Amino acid sequence: MDTASVLSDGTIRRLVEEGRLRIEPWDAQMVQPASVDLKLGPSFRVFHNHRIQAIDLADPPGGLTEHVAIEDDGTFVIHPGEFVLGRTVEHVTMPDDLVARIEGKSSLGRLGLIVHATAGFVDPGFTGTLTLEITNFNSVPIVLRPGLPIAQLSLMTLDRPAERPYGHPELGSHYHGQVEATESRYEGGPGEPRRDRVG
């Protein structure tokens, strides 16, 4: 693959069949013309806004969220204006020459449900479930259920394999191998680079 391009349905299926791209559990029916649909997992992180007056990015506080696990047949209600972290059912392992973007599903966006605020990028070499940044912009609560098709993963080729893929010892990859919704591990104080990804 010499030039960067968005992968088609046939290429996505072929890479999964070859084992170069891993999406587990794999359901070929979730493949769209140029993406793969992802399902909502049962793991959420809810913010405790009463604990602090503000978030200072020069010294980000920890322990702002509580882990909430939902049974497979249970529901999670997200209220108007609420922001929570969720995760995908799928565990994704990226090869060193692919990147991906998480995008919301149009049908859900038209109901006011947004699944990523900014961190929609999946690095080459990443492995783990994908954290979703879920916001309800509607004026009424929205009921979420584990297994709901909630996002889509669009995959693109790099011009060449990454020299230091995600998880490389020199990178300090905070979310490598995550399996639950994971709260921010931001370390970007004044003058520091931001180390933030969807994973």
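1. Helix H1 spans residues 9-18 and holds both Arg14 and Glu18, which sit four residues apart, about one turn of the helix. In this predicted model, their side chains meet in a salt bridge, with N to O at 3.3 Å. An α-helix has 3.6 residues a turn, so residues three or four places apart point the same way. Neither end of the pair is classed as buried: Glu18 is partly exposed at a relative accessible area of 47%, and Arg14 is partly exposed at 37%.

2. The buried residues of H1 are Thr11, Ile12, Leu15 and Val16. They cover an arc of only 135 degrees around the axis, so they lie on the same side of H1. What these residues pack against is strands S3, S8 and S13. After H1 comes Gly19, which has a positive phi, near 85 degrees.

3. The strands that H1 packs against, S3, S8 and S13, belong to an open sheet of five strands. The order is S2-S3-S13-S8-S10, with antiparallel pairing. S2 (31-32) and S10 (121-122) are the edge strands; each has a single partner strand, so one side of each has no neighbour in the sheet. Strands of a sheet pair through backbone hydrogen bonds, either parallel or antiparallel.

4. Within this sheet, S8 and S13 (residues 149-157) run antiparallel and are joined by seven bridges. Ile102 stands opposite Leu153 of S13.

5. Leu153 also appears in the largest nonpolar core, which has 37 residues. Together with Ile134, Leu144 and Ile150, Leu153 is among the residues with the most contacts inside that core. S13 supplies the largest share of the core, namely four residues. In soluble globular proteins, nonpolar side chains tend to be buried together.

6. What does Ile150 touch, leaving aside its neighbours within four places in sequence? The contacts include Leu38, Lys39 and Leu40, as well as Gly104 and Lys105. The others are Leu108, Leu113, Val115, Leu132 and Ile134. Ile134 is itself listed with Ile150 among the core residues with the most contacts.

7. Lys105, one of the contacts of Ile150, forms a salt bridge with Asp37, the closest N and O atoms being 3.2 Å apart. Lys105 lies in the loop between strand S8 (98-104) and helix H2 (106-109), and Asp37 lies in strand S3 (residues 35-39), so the pair ties together parts that are 68 residues apart in sequence. Are the two partners buried or exposed? Lys105 counts as buried at 18% relative accessibility, a value to be read against the cut-off of under 20%. Asp37 is also buried, at 7%.

8. The count of salt bridges comes to six. Besides the Glu18 to Arg14 pair and the Lys105 to Asp37 pair, one of them joins Arg160 and Glu163 at 3.9 Å, N to O. The cut-off is within 4 Å. Both Arg160 and Glu163 are exposed, whereas Lys105 and Asp37 are buried.

9. A separate point concerns strand S4 (residues 43-47). Four of its five residues are buried, so S4 is largely enclosed by the rest of the structure. S4 runs antiparallel to strand S5 (residues 65-69), with five bridges between them. S4 also runs antiparallel to strand S7 (residues 83-93), with two bridges. Val46 has a bridge partner in each of these strands: Glu66 in S5 and Val84 in S7.

Methods:
Residues numbered from 1 in each chain as written. Predicted model: local features only at pLDDT ≥ 70, side-chain atom pairs only at ≥ 80, totals over all residues. Heavy atoms only, no water. Buried < 20%, exposed > 50% of the residue type's maximum accessible area, 1.4 Å probe, protein only. Pairing = 2+ DSSP bridges. Core = buried A, V, L, I, M, F, W, Y, C linked by side-chain atoms within 4.5 Å. Contact = heavy atoms within 4.5 Å. Arc of directions from axis to C-beta.
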